[in-house]
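Please open the model in your viewer, with the sequence panel beside it, and follow the stops below in order.

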Amino acid sequence: MSKHLTIIDHPLVQHKLSLMRRKETPSATFRQLLWETSMLLAYEVTRDLPLTTISLDTPLCRMQAPVIDGKKLALVSILRAGNGLLDGLLEVIPAARVGFVGLYRDEETLEPVEYYLKVPPQLDQRLVIAVDPMLATGNSSVAAIERLKREGANDLRMLCLLAAPEGVERMKEAHPDVPIFTAALDEKLNERGYIVPGLGDAGDRMFGTN
Ligand code: URA
């Protein structure tokens, strides 16, 4: 895996993303669309997983059939918005182990502070896919990936729905070994750190808070 940024431009993904961007879209519809989209994103983020073959008997004959080879998967949700991507990913990859990283921003230092961490064992032997719908400044993604590396992860991917150029750059500097997958690369961040045009606060859109 050498490409640092992959934009998943499948028409179904783009269509659903546009519906999610619309400010009138209610939370229930937003969550449904995010769930549907995350299943489509799952195809792309796992597209290059290596295959091996197993022998099996169909009702007609014996054959060598392809199955996924190699490392087991861990999905790690960056709280809280990551959970919106997690559910759909688990529909498609039900055997994946799941972890959570919770970070908040210290209002004085502006540094991310960890408030929760629970990850599966043997992260060093897994492909770890960290999920957060919005890659904005990149501060929390960079910190979450650092934390996962300290837990042993050495084969990581970052999956989001929307990215800002600033966040992609920051991730590239801090973690050039971690490829990013996103449905769109938006124009910029505004002065409050929101992605523009974006879709607003993903957690608020999902859960009806603000
Ligand atoms: N987080 C969000 O939920 N939305 C943004 O636009 C930026 C960060």
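How many bridges join β5 to strand β6? Bear in mind throughout that this is a predicted model, and begin by selecting residues 112-118, which make up β6 and are joined to β5 by six bridges, the two strands running antiparallel. To check the register, display F100, which stands opposite K118 in β6.

Now add residues 72-78, which are strand β4, and residues 97-105, which are β5; these two strands pair in the parallel sense over five bridges. Within this pairing, I78 stands opposite V101 in β5. Strands of a sheet pair through backbone hydrogen bonds, either parallel or antiparallel, and at this stop β5 pairs with β4 in the parallel sense, whereas β5 and β6 run antiparallel.

Two loops that adjoin these strands deserve a pause. Select L79 and R80, which are joined by a cis peptide bond with omega at about 0 degrees; R80 is placed in the loop between β4 and α3, the latter covering 82-92. Then move to Q122, in the loop between β6 and β7 (126-131), where phi is near 55 degrees, a positive value in a residue other than glycine.

Next, turn to the open sheet that three strands form in the order β8-β10-β12, with parallel pairing. Select 134-135 for β8 and 184-185 for β12: both stand at the edges with a single partner strand each, so one side of each is left without a neighbour in the sheet. Strand β10, residues 162-163, is joined to β8 by two bridges, and M134 stands opposite L162 in β10.

M134 also leads to the next stop, since this residue is among those that surround the ligand, together with A136, G193, Y194, I195, G200, D201 and A202. This shell divides into five nonpolar residues, two polar and one charged, and the space taken by the ligand is the largest pocket.

Show the backbone atoms here. A polar backbone atom of I195 is 2.8 Å from an oxygen atom of the ligand, and a polar backbone atom of A202 is 2.7 Å from an oxygen atom of the ligand. At G200, a backbone N or O atom lies 2.8 Å from a nitrogen atom of the ligand. Taken alone, the ligand exposes 230 Å², of which the protein buries 84%.

Finish at V196 and P197, joined by a cis peptide bond with omega at about 0 degrees; P197 is placed in the loop between β14 (195-196) and α6 (202-207).

How values were computed: Residues are numbered from 1 along each chain as its sequence is written. This is a predicted model: local features need pLDDT of at least 70, side-chain atom pairs count only at pLDDT 80 or more; totals for chains, interfaces and linings use all residues. Side-chain values use heavy atoms; hydrogens and water are left out. A residue is near a molecule or strand if one of its heavy atoms lies within 4 Å of it. A polar contact is a pair of N or O atoms within 3.5 Å; within protein, one must be able to donate a hydrogen and the other to accept it, and residues adjacent in sequence count only if both atoms are side-chain atoms. Accessible areas come from the Shrake-Rupley method with a 1.4 Å probe; for residues, only the protein chains shown count as cover. On a 1 Å grid over the protein atoms alone, a cavity is a set of points where a 1.4 Å probe fits but cannot get out, and a pocket is an open set with protein on both sides within 12 Å along at least five of seven lines; lining residues have an atom within 4 Å of a point. A molecule sits in a cavity or pocket if more than half of its atoms lie within 2 Å of its grid points. Ala, Val, Leu, Ile, Met, Phe, Trp, Tyr, Cys and Pro count as nonpolar, Asp, Glu, Lys and Arg as charged, and the others, Gly among them, as polar. Two strands pair if DSSP finds at least two bridges between them. Helices (H or I, at least four residues) and strands (E, at least two) are DSSP runs, numbered from the N terminus.
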